[in-house]
Every structure is written in structure tokens, then in C-alpha cells.
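Good morning. I will go through one chain today, starting with a stretch of it and ending with the whole. Please have the sequence and the structure open.

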Amino acid sequence: MTNLLPQIKSPADLQELSDEQLQTLSHEIRDELIRVLTNRPAHFASNLGVVELCLALHLSFDFSKDKDRLIWDTGHQIYPQKLITGRYEQFHTIRTKGGLMGFPHPGESEYDLFMTGHAGCSVSTASGLKAGDELMGRKDNHAVAVIGDGAFPSGIVFEALNNIGGMKQNTLVILNDNKMSICPRTGGVAQYFDQCRMTGLYQGSKRKLNQLLNNIPVIGGMAHSALEQFRDGLKAFFKDGMLFEELGFRYFGPVDGHDLVGLRKILRDLKSQEGPILLHVFTNKGHGVPQAAEDPVTYHTPPVFEQVGPNRAIVSFKKGGAKGYTDAISFALHQAMQDDPTIAVMTAAMCQGNKLEKVREDFPQRFYDVGICESHAVAFAAGMAKAGANAVVDIYSTFLQRSFDQIFQEVCLQNLHVTFLMDRAGLTGPDGPTHHGVFDVPYMRLFPNMVSMAPGDETDVQPMLKFALKHTGPISVRYPKANLEKVERTEAPTPIELGKAEVIDWGEDGCFVAFGTLLSNCTAAAKKLKAQGIHMGVINARFVKPLDKETILRAVETLPLVVTVEEGTVEGGFGSAVLEAANSAGLDTRNVVRRGIPDKFIEHGERNELLADIGLSVDALVELVLTSRAAEVAKCG
């Protein structure tokens, strides 16, 4: 039964609780997290792992408005904070349309300072907050960034550490080390953190080593210098935190991130310290739920719980849904790798999300998980392509934009054959604006040499990937987080050909020109309109660059209405490309209507709910055509 949690209206209420009650509260928070998962998928294991850390931080600092500052990196572990900052009553609405967001949201609470969904920026923003507070006369405010070990290798983290160390700024960075991104962490920084988790034998040996180092005699001249170098070398190799110490931080830890009493003590002590500080905290992702702790990959965002047993044991999941475009792409990629030994795949800590587990398992020598380092992934792929490999970068659309400069400089400027597979291109539903992949069409199509494609349906997926892998320059394929659909065709689909669209049907009353998988909505809308005596054709554009000017401009020139449809921003998107081409050809474009993501950030909700809200559902497309025709009739008198 939940007793304490409903009484917590703000972090100030935590101060009234005893250690025993705080322990009870941590259990109640975990029970509430389970309750959410019995209704809908949500981030789970990462939240279980930070319950005590969240309580300790709010007990030790005052993060209310214009006081101390707290930034949770990546943001999906924000649930415990939501529960103790006045949002318990709304918590059951999390990740639903109009409900709480699954990430920090400044519109919900003064305790959420930034809407954080991408990794690595917390240290920079916390440092900026500290500098801003000092400038505004709030010199006593503390600034705290909590960042996971999975996000830590991001380049921007080291840029921030470098700057903070140089400024000697009073900033506390808490390294939440749970040995995980979504998948197990990778890379040299991960290996460095592993050294801090060495056995008790090592810990005992370390104390003896420190004694040895301190007993090294200090003598003059060259011998002194050599011994100093030897001692520094031993320290650098063996001592925890030397990486941070060399950057100007004082390193504390590692400490147990589930020991609430111990955490409160060290945070209270560190609060009075001056200068940059890094506190290394060990936590267990999935702590408090046995299956989640044993398998944090599956339980990062697990399916809905069907049955929960005693002691928070997850007995069963609800069955999963239909296969999606991610499944189809990963399957086609795996098949292609069997035939072509030069294909190599790069991902940025999203092996599970991109459904690449089988690729990793069957082709380990050609699979590279570079961690949450998208810029590096693209530059790395460019190097592989230059050496002759068939390089594939498989990254969510929203995360690939972090490598904008490398797409320009290292890939397109060199005209290298790198294939970009942009997963989650479109509305990502409950994840919301931090994860909607709606900007890739403008930023991909503006670069010379780049070819940009999108499958119209499942039929396009395999031949489009095959086409991309045989291309000789930069090329991209975008596809949504959505179930696979097949559009009915009266004739066999035309083969994928550079810059050629597929005409599904040519209608004398107008046509929909779809770029991407909203093709199915267009065909469904055309079918409804046909029942009303209106013949709207449907064109599967397939390419935004190069655009099929012959087909699409013929539609603009000859048909009374052309509706461009895309699951991406209309600003600079596919519809804009059509208007630009028509303008260059000197065509009248008053008959062209663009439908896509409007120029605003779209909140969270189910994908179909959001599509309906912005005029991209079947019914909305039908209504658009009827309204446009009625307006045209009215104009003609």
C-alpha cells in the first residue's frame, strides 16, 4: 500500500521523514514505477536505479526556483523526481497525450530546468547555470549535473570538463555508473570505469600501493625526476579518478548509490567544497526488481507487464505488436551482409533500438557500437568508406543531427559512399519532442552529393536498401517507428531507380504526392474520395533528392490540386523541394498544398493521435481535399 508518497508535495516534505521512512518511500517509488508499466511501456530500469540518488540530492540541496541547480542528463531517469516534486497525482498520465512527459519538462515543474532527451549536455548546461547565477548575483547557488557512464564518452562532456577545470568553477558532476547504456557500455572510457569496480583484493592492494607510493624517497637531481615520473605513472595507472584529477577536478568515490544515508553524508560534505568536483556513484540499473537488475537491456523500456508477483517479480509481459520498419530494415541489412563481406555497420549505443542484435551476433568483426558518439560514428564511417568498405550508419533521425558537421565535411564534401539508415524518422509517439525525428529531410537534402530516399511501404524496403548499398556516394534512407504496411497496387511495383517516383494511380481531379510511409494514408484517403466521385491520384515519391521532376512537375502543371504529404517538418522538407523545383521551372504553384509537421515542437502522445492533430490522418487528408475543392468552386462563382 502507498502511504508516504501521496504526502510528498515537494522535496521540502522529505526533510520531515526519518531514515526508516525514507527507505519505505524508496520502496513506494519503485512500486509506483511498476504500476505505470502495467498500463503502458515506459523507461523503467534506469529509473529504478536512481531512486536513492534522487532522494539524497533533494535532501541535500534546495533545487526550488532560482536556488540550487540540477540537470539529469538524457532525462529518461526523471520519474523519481517527478514523483517527489508535486506530480504524484498526475503520474498515471505519463507518456500519454496531455499527460506528463517521459522526460524533464520545464512546463510541468520548476524543478525541471531543461527538456533533456539527448545525451551528454548536462555538464555544459549545469556549468552555464552556475556561471549565469554568479553573473546575476546568486553566487551561493550550487550546480549539479548527473550523468550516466553510457553518456559520459560523448565528446561534449569532455569539452565541458575541460572548460570547468580551466575556470576552476564550483560545479558538482555526479557520474552515475551502472555499467550500461541501453546495451552494455563500450569503449576505452568504459574500461577505465571498470578499473574502479575491481575486487576487494584490488582495493586492499590499492591501500598498500598508496603506502608504497608515499614511502618512495625524494632525492635530488635526475634520480628525483625519474622517481617522480615513475610515481606519477603508477598513480595514473592504478589510482581511481586520475583521469578527472588531471582535468582539474577533485575526484570522490566510488560510493554505493543505493546507500541513502551514505549518499546524504557525502553530498553534505561536498556541498561545502570549492572548485570542480566529480563524485563517482555506483548504481544498479533495475535495482529493486529482480528481473530488471538481471536483464537491464530488456527492462530499459519493457513491454507492458501482464502479471506482477510478490517482491516485484515480473511474471509475464503482454504480447508484442506487429513488426515494424526497423525490423524490415535490420532483416534486409543482415541479408545483404551475408552476400557482401565489405558491408560494415556503425551504431551509437542503439543496437537494441535499431534491432541489430543479430547483425552484432553474426558479424562481430563488421559491427561497431561506438557508444553515444554520433559525430565520431559518421567520421569513422567516412574513414572506412575511404578505405573501400561499404559503410552503413544506423542511427535514429533525432540523434544523427548531432553529427551534422561530419555529414557535411567528412562524407558529402569528400563524396564518400556512406549509407545513412535513419530510424525513427517521423513522430516517435510517447517519447515526445526530444525524440521525434522530423528535421532530417532539410538537413540531408541541402548537401551536394547526398541522395535522400524514403520507402513508401514494406514493398520498397529491401530494394531501396539494396539500391543504397550499391550507390557510389552519400545516400540516406529514412523510415518511421511504425508498423509495416503494404500498399495495394494494380500493377507490379516499379524498380527503385535514382530520382524516379512510382505512380500508384494518376487521377484527373488531383493527386497526393507522398514522401515516406504516409503513402498508405494517401491511398486510403484517395479510396474514400473516389467513393464520393473524386479521383485523386497517388504518387510514391521515393526520392526527395534527386526529385523526380518529370513526374511531379507534370502533376503540378496539369492537375487542379497537388497535396504533398510527409512525416517531417514542412520547413525545408519534401513539399518545399517540390515548390522550389516548380518555381525553377516557372510553374504556377497555387494548386500545391503542403502537409507535414508544422513549424512547432510536437508534444508526446500516440503516433496516430499526433498525426490526426496535425492533419495527416486519413480523414484529415480527405477533409483537406474536400475543403480545397469547395474553395475553388466558390472562387469560380
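Over residues 323-487, what percentage of the chain is helix and what percentage is strand? This is a predicted model, so the answer is computed from predicted coordinates. Helix takes 40% of that stretch and strand 17%. The C-alpha atoms at its two ends are 16 Å apart.

I chose residues 323-487 for a reason outside the coordinates. An unreviewed UniProt entry lists them under "domain: Transketolase-like pyrimidine-binding".

Now two residues to find on your screens. Begin with T419, in strand β11, which covers residues 418-423. Its relative accessible area is 0%, and buried means under 20%, so T419 is buried. Leaving out residues up to four places away in sequence, T419 touches A391, V392 and V393, and also A468, L469 and I475.

The second is E374, in helix α15, residues 374-386. Is E374 buried or exposed? E374 is buried, because its relative accessible area is 3%. With the residues up to four places away again left out, the contacts of E374 are A348, I395, F399, R402 and S403.

E374 also appears in an annotation. The same kind of caution applies here: the UniProt entry is unreviewed, and under "binding site" it lists H76, G117, H118, A119, G150, A151, N178 and E374.

Take G150 from that list. Where is G150 found? G150 sits in the loop that runs between β2 (143-148) and α6 (155-167). G150 counts as buried because its relative accessibility is 8%.

Now the whole chain. How many helices and strands does the chain have? There are 24 helices and 19 strands. The C-alpha trace spans about 90 × 60 × 50 Å along its principal axes. For 637 residues, a compact globule would have a radius of gyration near 26 Å; the chain has 27 Å, so the two agree.

Of the 637 residues, 56% are buried. Contacts are next. Among those between residues at least 6 apart in sequence, 75% join residues at least 24 apart.

Last, the surface and the charges. The chain exposes about 26800 Å², and carbon and sulfur atoms supply 53% of that area. There are 63 positive and 76 negative charges, and their mean positions lie 2 Å apart.

That is the end of my part.

Note on methods. Residues numbered from 1 in each chain as written. Predicted model: local features only at pLDDT ≥ 70, side-chain atom pairs only at ≥ 80, totals over all residues. Heavy atoms only, no water. Helix = DSSP H or I, 4+ residues; strand = E, 2+ residues; numbered from the N terminus. Rg over C-alpha atoms; globule rule 2.2 N^0.38 Å. Buried < 20%, exposed > 50% of the residue type's maximum accessible area, 1.4 Å probe, protein only. Contact = heavy atoms within 4.5 Å. Areas by Shrake-Rupley, 256 points an atom, 1.4 Å probe, with all protein chains shown as cover. Lys, Arg positive; Asp, Glu negative; His and termini not counted. Charge placed at Lys NZ, Arg CZ, Asp CG, Glu CD. UniProt positions renumbered as here; feature names shortened; annotations may be inferred.
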